[in-house]
Amino acid sequence: MNLPNRLTIFRIVLIPVVVLIYLFPYAQLGIDPRVFNIGGVELSVVNLIALAVYLVAAITDALDGHIARSRNMITTFGKFADPIADKMLTTTMFLLFASRGIIPVVPVIIMVCRDIVVDGCRMIAATNGKVVAAQMLGKVKTVAQMVTIALVLLNNLPFELWGLPVAQVCVWFSALVSFASGVSYFNQMKTDIFESK
């Protein structure tokens, strides 16, 4: 197994790690994680550790693709596992936030449904021997989601100091771009989807 694929697997392994860090029953076990107070905004060390793990995972996402392309190490496994690892990571983070009531459920549903639609389009494309290229909207969606997750883990700092709900705006922006991206993929594939034989 080559290096890019190992990085992809490492990213998948980090997902249960960040879930454990975020959902660990600290209080029930008598553990009191340190909480920092920054200008009246509380920021738990748990969030900072989860952010660090998430950033490591995000960096491996950028690295595995770069290494695979630059060293001609693109494999079938990489094409299959890399986008799945990305979606598993971002979806897990958004579900964690929604489960705690930190973000609304609706934008998360939109993003999850978009991924299902896009995966369906790609499966149809693969069946017909076609490759659905990544689109700019899809890349914007990925960046928006990464920024959003980081901001939520930071409790909207530094914007919270000025009363600006940037993290919540980013959540809805990510959902909007996800929806637009899903529609774009669907339109690109609608001829294949509705073809009759």
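Let's start at Phe-97, a residue that is buried, because its relative accessible area is 0%. Keep in mind as you look at it that this is a predicted model. Phe-97 has a ring partner in Tyr-22, and that residue is buried too, with a relative accessible area of 4%. Both values fall under 20%, the cut-off for calling a residue buried.

How do the two rings sit against each other? A pair of aromatic rings is described by the distance of the centres and the angle of the planes. For Tyr-22 and Phe-97, the centres are 6.0 Å apart and the planes stand at 70°, so the pair is edge-to-face. An angle over 60 degrees is what earns that label. If you trace the chain between these two residues, you will find that they link distant parts of it: Tyr-22 belongs to helix α1 (residues 3-23), while Phe-97 belongs to helix α3 (residues 76-99), 75 residues apart. Phe-94 joins them, and Tyr-22, Phe-94 and Phe-97 form one aromatic cluster.

In total, the structure holds 4 aromatic pairs. Another of them is made by Phe-159 and Trp-162, whose rings are edge-to-face, with 6.3 Å from centre to centre and 70° between the planes. Are these two residues buried or exposed? Phe-159 counts as partly exposed, because its relative accessibility is 27%. Trp-162 counts as exposed, at 57% relative accessibility.

Now step back to the whole protein. It has 6 helices and 2 strands. Reading from the N terminus, the elements follow the order α-β-β-α-α-α-α-α. The C-alpha trace spans about 60 × 35 × 30 Å along its principal axes. The protein has 197 residues, and 40% of them count as buried. Among contacts with a separation of 6 or more, 78% are accounted for by residues 24 or more positions apart.

With that overview in mind, return to α3, the helix that carries Phe-97, and look at how it packs with helix α4 (residues 105-127). Their axes come within 9 Å and cross at roughly 160°. That angle is over 145 degrees, so α3 is roughly antiparallel to α4. The crossing of α3 with α4 is left-handed. On the α3 side, the residues in contact are Pro-83, Lys-87, Thr-91, Phe-94, Leu-95 and Ala-98. You may recognise Phe-94 from the aromatic cluster. Their counterparts in α4 include Val-105, Val-108, Met-111, Val-112, Arg-114 and Asp-115. Sorted by class, this contact has 9 nonpolar, 1 polar and 5 charged residues.

A second helix pair lets you practise the same reading. Helix α2 (residues 45-70) and helix α5 (residues 136-153) pack with their axes 9 Å apart, at an angle of about 165°. This makes α2 roughly antiparallel to α5, because the angle is over 145 degrees. Which hand does the crossing of α2 and α5 have? It is left-handed. Here Asn-47, Ala-50, Leu-51, Tyr-54, Ala-58 and Asp-61 of α2 meet a set of α5 residues: Gln-145, Met-146, Ile-149, Ala-150, Val-152 and Leu-153. By class, the contact of α2 with α5 is made of 9 nonpolar, 2 polar and 1 charged residues.

Definitions and conventions: Residues are numbered from 1 along each chain as its sequence is written. This is a predicted model: local features need pLDDT of at least 70, side-chain atom pairs count only at pLDDT 80 or more; totals for chains, interfaces and linings use all residues. Side-chain values use heavy atoms; hydrogens and water are left out. Axes are lines fitted to C-alpha atoms, for helices over the stretch in contact, and angles run from 0 to 180 degrees between N-to-C directions. Helices (H or I, at least four residues) and strands (E, at least two) are DSSP runs, numbered from the N terminus. Angles under 35 degrees count as roughly parallel, over 145 as roughly antiparallel, 65 to 115 as roughly perpendicular and the rest as oblique. A crossing is left-handed if the near helix is turned anticlockwise from the far one by less than a right angle, and right-handed if clockwise. Contact means heavy atoms within 4.5 Å. Ala, Val, Leu, Ile, Met, Phe, Trp, Tyr, Cys and Pro count as nonpolar, Asp, Glu, Lys and Arg as charged, and the others, Gly among them, as polar. Rings of Phe, Tyr and Trp (its six-membered ring) pair if their centres lie within 6.5 Å; planes under 30 degrees apart count as stacked, over 60 as edge-to-face and the rest as tilted. Buried means under 20% relative accessible area, exposed over 50%, partly exposed in between (1.4 Å probe, protein chains only).
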